[in-house]
Amino acid sequence: MFCTVKINSNLAIGTVVQFNTTDQNWNTATNHQDTIGVISEAPSQDEETQAWWAKVIFAGSAYALADRAIPDQGGKLNVNNGKVFV
């Protein structure tokens, strides 16, 4: 499942994002403690308001950017600067 959400800037496809209550938009995720999603398509900018919007996947399969090599045996998901690692 995806939703189109307002993001803070032009972020890369695969970036993990989380909601920021201070500025009321989705920013690059720093951890996995809150709800996270993955940008699935290139963001677009509204010409009138200059706001950035992106489709973000919240459930199901998604490809996310990796912070480092993921071992074959996998592990628990962690997030660092918008990228995943185990």
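Which strand is Q45 found in? I looked it up in this predicted model, and Q45 sits in strand 5, which covers residues 44–45.

**Entry: the fold around it**

I wanted the wider setting next. I found eight strands and zero helices in the protein chain, so from the N terminus the elements read β-β-β-β-β-β-β-β, and with a radius of gyration of 13 Å, close to the 12 Å that the globule rule gives for 86 residues, the chain is as compact as a globular protein of that length. I also noted the span of the C-alpha trace along its principal axes, about 50 × 25 × 20 Å.

**Entry: contacts and surface**

I checked how far apart in sequence the contact partners are. Among contacts between residues at least 6 apart, 44% join residues at least 24 apart. Of the 86 residues, 28% count as buried. The chain exposes about 5600 Å², and carbon and sulfur atoms supply 49% of that area.

I looked at charge too: there are 8 negative and 5 positive side chains, and the centres of the two sets lie 9 Å apart.

**Entry: back to Q45**

Is Q45 buried or exposed? I found neither: Q45 is partly exposed, because its relative accessible area is 33%, and buried would need under 20%.

Which residues does Q45 touch, leaving out those up to four places away in sequence? My list reads Q50, A51 and W52. For Q50 I can add a detail: the side chain of Q45 reaches the backbone oxygen of Q50 at 2.9 Å.

Last, I compared Q45 with K6. The two are 39 residues apart in sequence, and their C-alpha atoms are 9.7 Å apart in space.

Definitions and conventions. Residues are numbered from 1 along each chain as its sequence is written. This is a predicted model: local features need pLDDT of at least 70, side-chain atom pairs count only at pLDDT 80 or more; totals for chains, interfaces and linings use all residues. Side-chain values use heavy atoms; hydrogens and water are left out. Helices (H or I, at least four residues) and strands (E, at least two) are DSSP runs, numbered from the N terminus. The radius of gyration is taken over C-alpha atoms; the globule rule is 2.2 Å times the number of residues to the power 0.38. Buried means under 20% relative accessible area, exposed over 50%, partly exposed in between (1.4 Å probe, protein chains only). Contact means heavy atoms within 4.5 Å. Accessible areas come from the Shrake-Rupley method with a 1.4 Å probe; for residues, only the protein chains shown count as cover. Lys and Arg count as positive and Asp and Glu as negative; His and the chain ends are not counted. The place of a charge is taken as NZ of Lys, CZ of Arg, CG of Asp or CD of Glu. A polar contact is a pair of N or O atoms within 3.5 Å; within protein, one must be able to donate a hydrogen and the other to accept it, and residues adjacent in sequence count only if both atoms are side-chain atoms.
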